[in-house]
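Open the model in your viewer and keep the selection panel at hand. The stops below go from the whole chain down to single residues.

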Amino acid sequence: MPRHLLSAADLDRDEVIEILETAASMHDIQRRDVKKLPALRGRTVINLFFEDSTRTRSSFEIAGKWMSADTINITAKGSSASKGESLRDTVLTITAMAVDALVIRHSASGACRQVAGWVDASVINAGDGTHEHPTQALLDAYTMTRRLGDLAGRRVVIVGDLTHSRVFRSNVLLLGTLGADVTVVAPPTLMPSGAAEWSRRDGFVLSHDLDEALFVGPAADVVMMLRVQRERMSGGFFPTAREYSVGYGLSRERVERLRRRNEDVLVMHPGPMNRGLEISADAADGLGSVILDQVSAGVAVRMAVLYHLLSGDHSVRDQDSGREGTT
Ligand code: NCD
């Protein structure tokens, strides 16, 4: 296992499978009355969140607690970052307290990789700008695998605001590692520049036409809707909300048509959802929706990630203070 988890590309196929298998046993713990494992006793995990979060932050906190780690949450608003302290000073201050892992969410793409170069602790990327969100891709893969088994050759359609989506970037990488057949759909204004070249390199298909992606060719096994990230938009990326949802929203009618082609099709969304914009309430709550399964998988997968990064053999790390070693 790598020492940090910064990108979904840090994991090879065997490592992904190992994390998903560990997550499956962690998932069983969620059903117990006493949700506690001693695996990370004595280890300290800091969740450092410079951007808002509900699911990711709370699931990392619960994951750490259920593994008996000492977990502390720090948010930008309550920290010295709001007094002008630099990211480097903030993380060096925190890691001077001998922490074992830093879980970081930051609005700057690449922030987590920078931090990994400054500290000896394991760094886990919990979302950096529009770049990556590897544990989300792992929990999405876990959710799909539970329902579909091996993802090789499975057809996954990812739809929405791809320009601003770190979930899309990590998912394309991880699903590629697992051999899934991925199509991504966005209006031209929400398709990242360079996507064409990237899709050729990593072997996924681009489309601007949702109905064609969903209803022409082999039926989808999974449709993953992504949030329109208005907070990252400076101008108008589409004329009106109504036009967006007509062209790119998952309506009840679209789900019905999908289910006629494949009645086991899964509807996913990483949350938070804009109901009525990228996904209708019927689609979000209806048959085939595994959106809450994704949330519950989030705890199990983050337990597995913390376990693999922190409870392994630390000899390499202890010897060379971890700058290059892997454990
Ligand atoms: C995503 C994120 O923060 O990147 N949400 C999440 O982690 N569950 C997606 C989003 O904000 O739309």
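**Two domains**

The C-alpha centres of domain 1 and domain 2 are 26 Å apart. This is a predicted model. To colour it by domain, select 8-132 + 297-321 for domain 1 and 134-293 for domain 2, following the domain assignment of the chain. Then show the contact between the two: 31 residues of domain 1 and 26 residues of domain 2 take part.

**The four-stranded sheet**

Next, display the open sheet of four strands, whose order is 2-1-3-4 and whose pairing is parallel. Strand 2 (70-75) and strand 4 (122-128) are the edge strands, and each of them pairs on one side only. From one strand to the next, the twist averages 15 degrees.

Select residues 44-49, which make up strand 1; six bridges join strand 1 to strand 2, and the two run parallel. For one position in this pair, label Val-45 and Thr-71: Val-45 in the one strand stands opposite Thr-71 in strand 2.

Now add residues 291-310, helix 12, which packs on the sheet. Helix 12 touches strand 1, strand 3 (101-106) and strand 4. The direction of helix 12 makes about 150 degrees with that of strand 4.

**The ligand**

Centre the view on the ligand. Which residues are around the ligand? Select Arg-55, Thr-56, Arg-105, His-133, Gln-136, Arg-166, Val-167, Arg-227, Gln-229, Pro-270, Gly-271 and Pro-272.

Three side chains can be checked with the distance tool. A polar side-chain atom of Arg-166 is 2.7 Å from an oxygen atom of the ligand. For His-133, a polar side-chain atom lies 2.8 Å from a ligand oxygen atom. Gln-136 places a polar side-chain atom 3.5 Å from a nitrogen atom of the ligand. The ligand taken alone exposes 320 Å², of which the protein buries 94%.

**Two backbone details**

Most residues other than glycine have a negative phi, and most peptide bonds are trans. Two places depart from this pattern.

Stay at the ligand and select Gly-271 and Pro-272, both among the residues around it. The peptide bond joining Gly-271 and Pro-272 is cis, with omega about -10 degrees. Pro-272 sits in the loop between strand 9 (266-268) and helix 11 (281-285).

Last, go to Ser-68, in the loop between helix 2 (55-66) and strand 2. Ser-68 is not a glycine, yet has a positive phi of about 70 degrees.

Conventions: Residues numbered from 1 in each chain as written. Predicted model: local features only at pLDDT ≥ 70, side-chain atom pairs only at ≥ 80, totals over all residues. Heavy atoms only, no water. Pairing = 2+ DSSP bridges. Axes fitted to C-alpha atoms, helices over the stretch in contact; angles between N-to-C directions. Contact = heavy atoms within 4.5 Å. Near = heavy atom within 4 Å. Polar contact = N/O pair within 3.5 Å; in protein donor to acceptor, adjacent residues only side chain to side chain. Areas by Shrake-Rupley, 256 points an atom, 1.4 Å probe, with all protein chains shown as cover. Domains from an automatic or database assignment.
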